[in-house]
Amino acid sequence: MKPIDLRSDTVTLPTPAMREAMYRAELGDDVFGEDPTVNHLQEMAAERMGKEAALLVVSGTMANLVSVLTHCGRGDGIILGDQSHILLNEGGGSAALGGAYLRVVPTLPDGKLDPQVIERAIPVPDIHHPRIKLVCLENTHNYCGGTVLDARYTASIADLAHRHGLSLHVDGARIFNAALALGVPARDLAAPADSIMFCLSKGLSCPVGSVICGSSEFINEARRMRKMVGGGMRQAGVLAAAGIVALEHMVDRLQEDHDNARFLAQGVAEIPGLKVDLSSVQTNIVFFDFVAKHMTVDQFVGGMWEQGVWMMALGPSRIRAVAHYGIEKGDIEQALRVMRRVLG
Ligand code: TLP
């Protein structure tokens, strides 16, 4: 039986329409800017985010790294949250490869950073102080449970940053999930940001790819940084073709994932030994706590694994499950049955 893989929306496989489009894609050398399919995807992405230009890169990690390298020189600082993906899950690339100084502030439970804390983290110009150049937000916020940041909040942080001569980058790996949950176009959420990246290879189901969007000037420089980190691709239209299908056909279906995540969370709330904050379940990600005493979280997740339901244990008591393309409501019902059975 096919496992019900709820570990991440990164496990999604390309749709038949994507495979067909990849097969038929018109190609060229994208390092020369001559791949028509890449160019088309980038134009579409820029339009969706309301920015002048866009750049296809291989991954969300590379999108954030290239954005950081474009905003910051060595020793320049970034203000970011202690639960942000850039800080926790990107191999320390901003520091290791970019030489960036990371000024870490607490991430609030809803994924926001407190504006007053950001303000206090920006030093006055002085030779003793690092020069802070960038604030990073994450929307939706992965480790806060897929929570959304609305346009008003993002604009307030952008205003604050700009007042101090800083830029704002949004890790919008799942920005279309945020837009759907808020009932606004993604470009409204992107508007305050100087740069935003989104992933094609998560809920949108592409095999590979993320896109950075910003001003033409920013993207020209980002193109240079992408080359520097070895991310200049040649006939990348085979990947971009899937991205075009994703933007055309996979955005609206995300509601199904949000519905499945809520259905899962509601089921989890009724299982003794598990605890979930339903208010944090806003998109396709469900975090819940394992509070049962008769087994460990690893035994629980391992037991589910053996019965074909795959989730991710993150820490001593937290578990993450993510709804995505390929997961149906019946799979969630089965997952809930298995959870009850394993807990005994
Ligand atoms: N997140 C992955 C893991 O790395 C945790 C996942 O399974 O959720 N920004 C955010 C907010 C992300 O959640 C991720 C991936 C990335 C960036 C990086 O994207 P990739 O995996 O394409 O490098």
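**Exercise 1.** Characterise the shell around the ligand in this predicted model by residue class, and identify its nearest members and its main contributing element.

*Solution.* Step 1: sorted by class, the shell holds 8 polar, 6 charged and 3 nonpolar residues. Step 2: the ligand is surrounded by 17 residues, of which S8, G60, T61, H85 and D171 come nearest. Step 3: helix α3, spanning residues 60-71, supplies the largest share of this shell, with 3 residues.

**Exercise 2.** Which polar side-chain atoms of D171, K202 and R320 lie opposite which ligand atoms, and at what distances?

*Solution.* Step 1: for D171, a polar side-chain atom is placed 2.7 Å from a ligand nitrogen. Step 2: an N or O atom in the K202 side chain is 2.9 Å from an oxygen atom of the ligand. Step 3: for R320, an N or O atom of the side chain is 2.8 Å from a ligand oxygen. Step 4: the ligand taken alone exposes 510 Å², and the protein buries 84% of that area.

**Exercise 3.** How many cavities of 30 Å³ or more does the whole structure contain, and what lines them?

*Solution.* Step 1: the search returns 2 such cavities. Step 2: the largest encloses about 70 Å³; its lining includes H85 and D171. Strand β5 (132-138) and helix α4 (85-88) each give two or more residues to that lining, and β5 gives the most, with 3. Step 3: the second largest cavity has a volume of about 50 Å³, and K202 is one of its lining residues. Helix α8 (residues 175-182) gives the most to this second lining, with 3 residues. Step 4: by class, the lining of the largest cavity comprises 4 nonpolar, 6 polar and 2 charged residues, while that of the second largest comprises 5 nonpolar, 2 polar and 2 charged.

Key:
Residues numbered from 1 in each chain as written. Predicted model: local features only at pLDDT ≥ 70, side-chain atom pairs only at ≥ 80, totals over all residues. Heavy atoms only, no water. Near = heavy atom within 4 Å. Polar contact = N/O pair within 3.5 Å; in protein donor to acceptor, adjacent residues only side chain to side chain. Areas by Shrake-Rupley, 256 points an atom, 1.4 Å probe, with all protein chains shown as cover. Helix = DSSP H or I, 4+ residues; strand = E, 2+ residues; numbered from the N terminus. Nonpolar A, V, L, I, M, F, W, Y, C, P; charged D, E, K, R; others polar. 1 Å grid on protein atoms, 1.4 Å probe; cavity = no way out; pocket = protein on both sides within 12 Å on 5 of 7 lines; lining within 4 Å. Points joined across faces, edges and corners; volume = space filled by probe spheres on them.
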